[in-house]
Amino acid sequence: MEFRELIAEKVTALKPSGIRKFFDLLETMEDAISLGVGEPDFPTPWHIRDAGVYSLEKGFTKYTPNAGMMSLRKEIAAYMLRRFGLTYDPNGQIIVTVGGSEGIDLSLRMLLEPGDEVIIPTPSFVCYGPLTVMAGGKPVYVETKQEDDFKLTPAQLEAALTEKTKALVLPYPCNPTGGIMGKKDLEALAEVLKGRSIAVISDEIYAELTYGGKHVSPASIPSLYDRTIVVNGFSKAYAMTGWRMGYLCAPRDAIAQMVKIHQFGIMSAPTTSQYAAIEAMRSGDRDIMTMRAEYDRRRRFLVHALREAGLECYEPRGAFYVFPCIRSTGLSSEEFCERFLRSQRVAVIPGSAFGPGGEGFVRMCYAASMEDLAEAMRRLKAFLDELKG
Amino acid sequence: MDTGTELLKLLEKDCRATPDQLAAMLGESVETVRGEIAELEKNNVILGYNAMIDWDRTGEELVTAMIEVRVTPQRGDGFDRIADRIYQFDEVESLYLMSGSYDFAVTITGRTLKEVASFVSARLSTIEGVIGTATHFILKKYKEKGVAFETLPVQEERMKYC
């Protein structure tokens, strides 16, 4: 018997990430700079780490309630109200998950019947499509355009809707484009959805990293509240990626069913991480401000440097990526990344990795030190000169 | 926060940032930034540009002490006249007027323990108005001006891309 024969076809059909080869190459290089990883370069603020350590010292190492500790859910409810003006009952409308990723997975598994369609604006984070497939659904990709500020337009949404549409993913602020959706944009989408049974899965993991304005959650549009699952977490806002702490806020019925799936698959999110998360929400607002200000400086620096170097670059309004257009080089985004890495030892990610509409762009993460960013931009100039011959 | 404060914060963190970089980060023109820096220097808001050095990692043997100084304030000048006489010694690295059980906190660095001790007894204690001192030698520096002397180890085995 070959074990391979046993594996479900929908799993073997999942495409492995096309960017792995760059990173194997990167490993072999000295003094390479990676702007490839979408993760804060700051360590978790000390008071938050300390709260985790303290809980371990006290021996708080048991499972928590399936939906997460009540004291944490209360903090999340207070935070949602304080930051986004949203009201959620900690008893029945909130579940603590293992990162935002589990939250997305839970939402899709709770919603989808075989053949149900999920509308996914792209370029966007790579997980929505595969998780939809794993949950038995069918991804329907909608290419957002730079000229629309990478927003999903009402016309695009309208055109993508079918009888089978079950859910709409709203990945804003968007990785990799840096696009965001304002109140008016969301109201226009709400108008299209009116009278239809379609859920909104709003991935707001970068909500705190919005520049020059405040993040607007789709759930704050009255007609969307009852159909929206807000996915959020601690990874990006508090630099807590490795703690694996996320949460969902949603209508009661949705949470009740997702708690069941979570209970069987996960039991409960890590206890140490939940203690740290309580501290983060109680006294971490300042940390967020400090880090956001720092990202904002780097963002401006990078956009400026990219434009100086002659690349067309949309000014990102959220998250921590820039998404310059590299069509002027005549290279595909994969070629660009491979040659940039080989020649100048800087790793960036081809836009094609983020789904339809990503070709012609590359993603650079500016959650890196100013020194690395400045050096990467020097090397980019050298690379572009080299291309011109 | 206005751009002046923002500019100062950036410079306080890294005074080697070039006007070009600062301008890009602040969203200002290079000329504006150059002008602001010149103005801030002229007004003594920016007093200097120093490197942070961990001398313990070099061959240099240096001794740093924090000295608590108690004084009798003088009529008319209060503490300032005595402060003037203390801080003008080159050996004095910092001088603060304090609330609490003593008046001045003086930091000085010398090559040897003896050198520091003799500065205290011969120079500091003899200033008119000084009524007592207590010298504390610094055994190890962990952090100064927001900069830690040890860097955190880098976590190995991280996700390479996402």
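Two strands pair if DSSP finds at least two bridges between them, and both strands (E, at least two residues) and helices (H or I, at least four residues) are DSSP runs, numbered from the N terminus. The model is predicted, and for this reason local features need pLDDT of at least 70 and side-chain atom pairs count only at pLDDT 80 or more, while totals for chains, interfaces and linings use all residues. Residues are numbered from 1 along each chain as its sequence is written, and chains are lettered from A and ligands numbered from 1 in the order in which they are written.

**An open, antiparallel sheet of three strands in chain A.** The strands follow the order S9-S12-S11. Strand S9 (321-322) and strand S11 (349-350) of chain A stand at the edges, and because each has a single partner strand, one side of each is left without a neighbour in the sheet. Two bridges link S9(A) to strand S12 (residues 362-365) of chain A in the antiparallel sense, and in S12(A) the bridge partner of A:Tyr321 is A:Cys365. In general, strands of a sheet pair through backbone hydrogen bonds, either parallel or antiparallel.

**A right-handed β-α-β unit in chain A, made by S3(A), helix H6 (residues 128-134) and S4(A).** The crossover is called right-handed if, with the strands pointing away from the viewer, the path from the first strand over the helix to the second runs clockwise. Strand S3 (residues 117-122) and strand S4 (residues 138-143) of chain A pair in the parallel sense over six bridges, and A:Glu117 has A:Lys138 in S4(A) as its bridge partner. In the loop between S3 and H6 of chain A lies A:Pro123, and the peptide bond that leads to A:Pro123 from A:Thr122 is cis, with omega near -5°.

**A second view of a cis peptide bond, this one joining A:Tyr172 and A:Pro173.** Here omega is about -5°. A:Pro173 belongs to the loop between strand S5 (165-170) and helix H8 (183-193) of chain A.

**Two residues with positive phi, A:Asp31 and A:Asp149.** A residue is buried if 20 or more other C-beta atoms, placed from the backbone, lie within 10 Å of its own, exposed if 12 or fewer do, and partly exposed in between. A:Asp31, which is not a glycine, has a phi of about 45° and is found in the loop between helix H2 (20-27) and strand S1 (33-34) of chain A. Is A:Asp31 buried or exposed? With 6 C-beta neighbours inside 10 Å, A:Asp31 counts as exposed. A:Asp149, also not a glycine, has a phi near 55° and sits in the loop between S4 and helix H7 (154-160) of chain A; A:Asp149 counts as buried, because 20 C-beta neighbours lie inside 10 Å.

**The surroundings of A:Val259 in helix H10 (residues 252-265) of chain A.** A:Val259 is partly exposed, because 19 other C-beta atoms lie within 10 Å. Leaving aside neighbours within four places in sequence, A:Val259 is in contact (C-beta atoms, placed from the backbone, within 7 Å) with A:Asn66, A:Ala67 and A:Ile95.

**The largest nonpolar core, with 121 residues.** Such a core is a set of buried Ala, Val, Leu, Ile, Met, Phe, Trp, Tyr and Cys residues joined through C-beta atoms within 7 Å. A:Leu248 and A:Tyr366 touch the most other members, and helix H12 (residues 285-308) of chain A gives the most to this core, with seven residues. When residues up to four places away in sequence are not counted, those touched by A:Leu248 include A:Ile95, A:Leu106, A:Val230 and A:Met258. Apart from this core lies another, of eleven residues, among them B:Val71, B:Ile86, B:Val106 and B:Ile108.

**The meeting of domain 1 (3-44 + 286-388) and domain 2 (46-283) of chain A.** The bounds come from an automatic or database domain assignment, and the C-alpha centres of the two domains of chain A lie 24 Å apart. The contact takes 33 residues from domain 1 of chain A and 34 residues from domain 2 of chain A. On the side of domain 1 of chain A that touches domain 2 of chain A, the largest share, seven residues, comes from H12(A).

**The contact between chain B and chain A.** Ten residues from chain B and 13 residues from chain A take part. On the side of chain B that touches chain A, helix H2 (residues 19-26) of chain B supplies the largest share, three residues.

Terms used:
Contact = placed C-beta atoms within 7 Å.
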